[in-house]
Amino acid sequence: MALLTGPVAAQESAPPRLLPKNLLPKNLLPKNLPGCAGEARQDRLEGMTPEGDLVLGSEGIARLSGLRLPAEPVLRQQALDWLRARAGEPLLVTVQGTRDRWNRLPVRVRLLKDSLIFDLTHGLVEAGLAIVDPGADSPFCQPELFALEETARERRLGLWADGRYNPLSVDQADRLKERVGSFVIVEGRVRSVGERKQRTYLNFGGHWADDFTIIIPKKTWMQMAERGLSADSLKGHIIRTRGILQSWQGTALTVDSAEMIERLEDGYLQDGRIEDKRLAR
């Protein structure tokens, strides 16, 4: 599993929330997206590798798709213990991609218990023991994770107990430069959009040498267009993005998946304004 870096405060993890199978909300069911509607097969969690990957009885080494585990030792151990507590339980495993260079299979894993079902990725995100990372997988099959993460952040659970991991504002140029090379969440208003042959640039200020920029390769821009996003629909709106921050004419983030960009409701942050409590300290 990919890891976050930096200190985070420990937080007691929330207990699993089990739902009756016949009452499972539609937004918790596997998405009928290309590459997402794979067959769910029964399996069993045999254990965890020292690196924090799953060891499944049938599929072997696997990782939960769509998230990152924290690297801070205490919180990371909580996340691993949370997963180890499910060892030996019957699972439903849906493969969501191909094995990576470390031979890990990206999977969605749901715990079966009597007539109840519980998604392990949901549980980790809800407890603040993981952060959503749509760029880790293509396609990203669980957009409902964003709402679960938002709730955990509002409740200051797990890694969200430390304001350091809250979204950074595009206006915090010095803070952004300090976080180059790290996984970050960034929010701000798009000031202009530059469409080029191979890339599109979302600009958040008037000084390109110092300001934050989102770089969107042609393939990703086409994916966004298929979902109704365009230069006109983004310009002037506040959006949220996430990924590995890079140094490029100030700071920048390259978007490899359409889900790495969220246009926040009505052009505002979800609470209607940017508040210090929402932003990284």
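The following exercises, each with a worked solution, concern a predicted model of a protein.

**Exercise 1. The open sheet**

Work out the order in which the five strands of the open sheet lie, and find which strands are at its edges.

Solution. Begin with strand β12 (residues 192–195), which is joined to β13 by four bridges, the two strands running antiparallel. One of the partnerships between them places Ser192 opposite Asn203 in β13, and the connection from β12 to β13 is a hairpin of three residues.

Next, go from β13 to strand β14 (residues 212–217), where five bridges hold an antiparallel pairing. Within this pairing, Tyr201 stands opposite Ile215 in β14.

Then follow β14 to strand β17 (residues 251–254), and notice that the direction of the pairing is now parallel, with four bridges joining the two strands. Ile215 appears here again, since its bridge partner in β17 is Thr254.

Putting the steps together, the order is β12-β13-β14-β17-β16, and the pairing in this open sheet is mixed. The edge strands are β12 and β16 (246–247), each of which pairs on one side only.

**Exercise 2. A strand inside the sheet**

Decide whether strand β13 is largely enclosed or largely open to the outside, using the burial of its residues.

Solution. First, recall the cut-off: a residue is buried when its relative accessible area is under 20%. Second, apply this to β13, which covers residues 199–203: four of its five residues are buried, and the strand is therefore largely enclosed by the rest of the structure.

**Exercise 3. Nonpolar cores**

Identify the residues that touch the most other members in the largest nonpolar core, and name the helix that gives the most to this core.

Solution. It helps to start from a general tendency: in soluble globular proteins, nonpolar side chains tend to be buried together. In this model, the largest nonpolar core has 38 residues, and those touching the most other members are Leu54, Leu64, Leu83, Val109, Leu120 and Leu124. Helix α1 (residues 73–84) makes the greatest contribution to this core, with five residues. Another core lies apart from it and has 22 residues, including Leu168, Leu202, Trp221 and Leu234.

**Exercise 4. An enclosed space**

Describe the second largest cavity by its volume, its lining residues and the classes to which they belong.

Solution. Begin with the count, which comes to two cavities of 30 Å³ or more. The second largest of them has a volume of about 50 Å³. Its lining is made by Ile131, Arg164, Tyr165, Asn166, Leu168, Arg179, Phe183, Val184 and Ile185.

Now sort these residues by class, which gives six nonpolar, one polar and two charged residues. Finally, ask which element supplies the largest share of the lining: it is strand β11 (residues 183–189), with three residues. Leu168, met in the previous exercise as a member of the core of 22 residues, is also among the lining residues here.

**Exercise 5. Salt bridges around Arg104**

Find the salt-bridge partners Asp53 and Asp100 of Arg104 in the model, and explain why the pair with Asp53 ties together separate parts of the sequence.

Solution. The general idea is that side chains of opposite charge can pair when their charged atoms come close. For Asp53 and Arg104, the closest N and O atoms are 3.4 Å apart. Asp53 lies in the loop between β2 (40–48) and β3 (54–56), whereas Arg104 lies in the loop between β6 (90–95) and β7 (105–113), so this salt bridge ties together parts that are 51 residues apart in sequence.

Now turn to Asp100, which also forms a salt bridge with Arg104, the closest N and O atoms being 2.8 Å apart. As for burial, both Asp53 and Arg104 are buried. Arg104 is placed in that class because its relative accessibility is 10%, while Asp100, at 22%, counts as partly exposed.

**Exercise 6. Salt bridges elsewhere**

State how exposed Glu39 and Arg41 are, and then place their salt bridge in the total count.

Solution. Glu39 has a relative accessibility of 58% and therefore counts as exposed, whereas Arg41, with a relative accessible area of 47%, is partly exposed. Their closest N and O atoms are 3.9 Å apart in the salt bridge that they form. The count for the model comes to 18 salt bridges. As a last step, look for salt bridges that link up into a network: Glu149, Glu150, Arg153, Glu187, Arg240, Arg242 and Glu262 are connected in this way.

How values were computed: Residues numbered from 1 in each chain as written. Predicted model: local features only at pLDDT ≥ 70, side-chain atom pairs only at ≥ 80, totals over all residues. Heavy atoms only, no water. Buried < 20%, exposed > 50% of the residue type's maximum accessible area, 1.4 Å probe, protein only. Pairing = 2+ DSSP bridges. Core = buried A, V, L, I, M, F, W, Y, C linked by side-chain atoms within 4.5 Å. 1 Å grid on protein atoms, 1.4 Å probe; cavity = no way out; pocket = protein on both sides within 12 Å on 5 of 7 lines; lining within 4 Å. Points joined across faces, edges and corners; volume = space filled by probe spheres on them. Nonpolar A, V, L, I, M, F, W, Y, C, P; charged D, E, K, R; others polar. Salt bridge = Lys/Arg side-chain N within 4 Å of Asp/Glu carboxyl O.
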